[in-house]
Amino acid sequence: MSARPEVVIVGAGPAGIRAAQTLVAAGIRPIVLDENARWGGQIYRQPPADAGFARSKQTLYGFEAKKADAVHATMAALLPQIDYRPDTLVWACDPVSTSADIASTTGTSGTAGIAGPTSATGHRYRLHTMHAGRETAVPFTHLLIASGATDRVLPVPGWTLPGVYTLGGAQVALKSQGCAIGERVVFAGTGPLLYLVAYQYKKAGANVVAVLDTSDFATQVKATPRLLNQPGTFAKGLYYVGWLRTHGVRIEHGVTLAGIDGTAGVRAVRWQRDGREHTLGCTALGLGFGLRPETQLADLAGCRFVFDALNQCWLPERDAAGRSSQAGVYLAGDGAGIAGADAAEMAGRRAALAMLEDLGIAAPALPDAPDAATLERRLASIHRFRVGIEQAFAPPSDPSAQWPDDMLVCRCEEIDARTLRECVRFDGVSEINRLKALTRVGMGRCQGRMCGEAACHLLAEASGQKLAQVGRLRAQAPIKPIPIAPMLFDDNVAAIPEEARDE
């Protein structure tokens, strides 16, 4: 390792910003890579600087306006002391050393972990980034991943129609473009985000027809004792629901989404409850079943994964401080497990403190910043609240049982449910990466972010296994779409991973 640590933070949301603040206070100048044009992440997303419209923080963030302003102001003050790179997509992570060096050290030709061989410069790994159409390799000695989360997508018949958005996509449209996704909007699925986005839309003047929650009300009531671990957050959730009802928004609990009707676009949504089917006219649908951590970069960095029963997905292992299974790699925020913006701020600082401890650097004194022990206690309390959230808003336990054979599961590769079921029935497939190899599910532009969970559910149902038993889709570079043409420039060829080059 080089004498001077070179630290990279991926993500400039609440976790990444608080991590950067802690490291800067200790005398480290980190590189902060941010896919967005402006810092704040999804929860505190800012409109583009040249958006052409002005909306106050109070209008954009409601109850969270002061928190958003504090996070934004902190990052603005840090800019002279960090290397901030917005509009920068991180699409791969690989060893700096050559493949031959890796093989001689590990005994394989695969990717070694962060703790593997070290180059002459002290860098063990590098990130590959794309900015303004050009590729740049960013080597590092220490990496803090604060990659955030994405929508948990479970398809329903008609989900590929124009006018169907994820809840996160609907929120981006409102915050970044100042527009609604349709004239008559229905929000469907489950999770706290369902009510938050509906509230934000109605508050902004959009016509929100209804909220269709697949979780039943009785289950949500039973979760109340755990939800009271965070009474302020619980009270805000109650307020959103009450405000929506008061302003004429129809709220239905315990529904089963049956389908979305339309030809050139959304015309209506159908749902079932108590054996009866209902139809509601609308021109757009915001669909989501909670959030799912973005873990692809941690996978490429060699982190070990474990199935997490609470999040119902595979997560990179980490200790209470945010250390991953790979030396020099730290995890914070929703990218390591869904816990919300407050927890992300705490986890970002805690992971940065862990990095400083590992580097032998004393923890800096920051005004009103809690110490490591206090952070861990507060994060544990939020975790208990999170258990209540998952109890109250659990996604459908066996969603694929109702999916018709002709429904697309993977829209990138146009793979329908019948194709996947027949692969299980005739080829005996029982593992998700084998299903991917035989059908191309998850090989498209989204790299499984939209269809991966649905494919796993269908495989589990068709093969008679539990969700944890079918495995997880292994990440492959590029983890997000990148243009090919810029990669052909001579000064970029050396930065392309050898296995990705055209032989």
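Reader: Does Ala206 count as buried or exposed?
Author: This is a predicted model, and the values are computed from it. The relative accessibility of Ala206 is 14%. The limit for buried is under 20%. Ala206 therefore counts as buried.

Reader: Where is Ala206 placed?
Author: Take the elements on either side. Helix α6 covers 192-203 and strand β11 covers 208-213. The place of Ala206 is in the loop between α6 and β11.

Reader: Which residues are in contact with Ala206, leaving aside its neighbours within four places in sequence?
Author: Ala206 sits in a loop, yet it counts as buried. With those neighbours left aside, its contacts are Ala180 and Tyr201.

Reader: How far apart in space are Ala206 and Leu174, C-alpha to C-alpha?
Author: Along the chain, 32 residues separate Ala206 and Leu174. From C-alpha to C-alpha, the separation in space is 9.9 Å.

Reader: Which side chain joins that of Arg18 in a polar contact?
Author: Start with the setting. Arg18 is part of helix α1, residues 14-25, and is buried at 16% relative accessible area. Leaving aside neighbours within four places in sequence, its contacts are Ala70, Val71, Thr74, Glu345, Gly348 and Arg349. The polar contact, 2.8 Å, is with the side chain of Glu345.

Reader: How many bridges join β14 to β15?
Author: Strand β14 takes in residues 266-273, and strand β15 takes in 276-281. The two run antiparallel. The number of bridges joining them is six.

Reader: Which residue in the hairpin of β14 and β15 takes a positive phi?
Author: Two residues lie between the strands of this hairpin. The phi in question is near 55°. The residue is Asp274.

Reader: Which residue in β15 stands opposite Arg270, and which side chain meets Arg270 in a salt bridge?
Author: The two partners carry separate names. Opposite Arg270 in β15 stands Thr279. The salt bridge of Arg270, at 3.4 Å from N to O, goes to a residue that counts as partly exposed at 43%. That partner is Glu277.

Reader: How many salt bridges does a search of the whole structure find?
Author: Here is the general idea first. Side chains of opposite charge can pair when their charged atoms come close. Across the whole structure, the search finds a total of 23.

Reader: Which parts does the pair of Arg440 and Glu413 tie together, and how many residues apart are they in sequence?
Author: The side chains of Arg440 and Glu413 meet in a salt bridge of 2.9 Å, N to O. Arg440 lies in the loop between α14 and α15, and Glu413 in the loop between β21 (408-410) and β22 (415-416), so the pair ties together parts of the chain. Arg440 is partly exposed at 40%, and Glu413 is partly exposed at 24%. In sequence, the tied parts are apart by 27 residues.

Reader: Which residues do salt bridges that share partners join into one network?
Author: One link is between Lys67 and Glu64, with their closest N and O atoms 3.5 Å apart. Lys67 is partly exposed at 30%, while Glu64 is buried at 14%. The full network is Glu64, Lys67, Lys236 and Asp342.

Reader: What is the phi of Arg440?
Author: Arg440 is not a glycine, yet its phi is positive. The residue lies in the loop between α14 (432-439) and α15. Its phi is about 75°.

Reader: What is the phi of Ala132?
Author: Ala132 lies in the loop between β5 (125-131) and β6 (134-140). The residue is exposed, with a relative accessible area of 70%. Its phi is positive in a residue other than glycine, and is near 55°.

Reader: How many residues of α15 are buried?
Author: Helix α15 has twelve residues and reaches 16 Å from first C-alpha to last, close to the 16 Å expected. Its cover includes β17 (291-293), β21, α13 (417-427) and α14. Among its buried residues are Glu453, Cys456 and His457. Of the twelve, the number buried is nine.

Reader: Which residue with a positive phi follows α15?
Author: The phi here is near 70°. The residue that follows α15 is Gly464.

Reader: Which residues does the cis peptide bond join?
Author: Omega of this bond is about 0°. One partner, Pro478, lies in the loop between α15 (452-463) and α16 (490-493). The bond joins Ala477 and Pro478.

Terms used: Residues are numbered from 1 along each chain as its sequence is written. This is a predicted model: local features need pLDDT of at least 70, side-chain atom pairs count only at pLDDT 80 or more; totals for chains, interfaces and linings use all residues. Side-chain values use heavy atoms; hydrogens and water are left out. Helices (H or I, at least four residues) and strands (E, at least two) are DSSP runs, numbered from the N terminus. Buried means under 20% relative accessible area, exposed over 50%, partly exposed in between (1.4 Å probe, protein chains only). A polar contact is a pair of N or O atoms within 3.5 Å; within protein, one must be able to donate a hydrogen and the other to accept it, and residues adjacent in sequence count only if both atoms are side-chain atoms. Contact means heavy atoms within 4.5 Å. Two strands pair if DSSP finds at least two bridges between them. A salt bridge is a side-chain nitrogen of Lys or Arg within 4 Å of a carboxyl oxygen of Asp or Glu. The expected span of a helix is 1.5 Å times one less than its number of residues.
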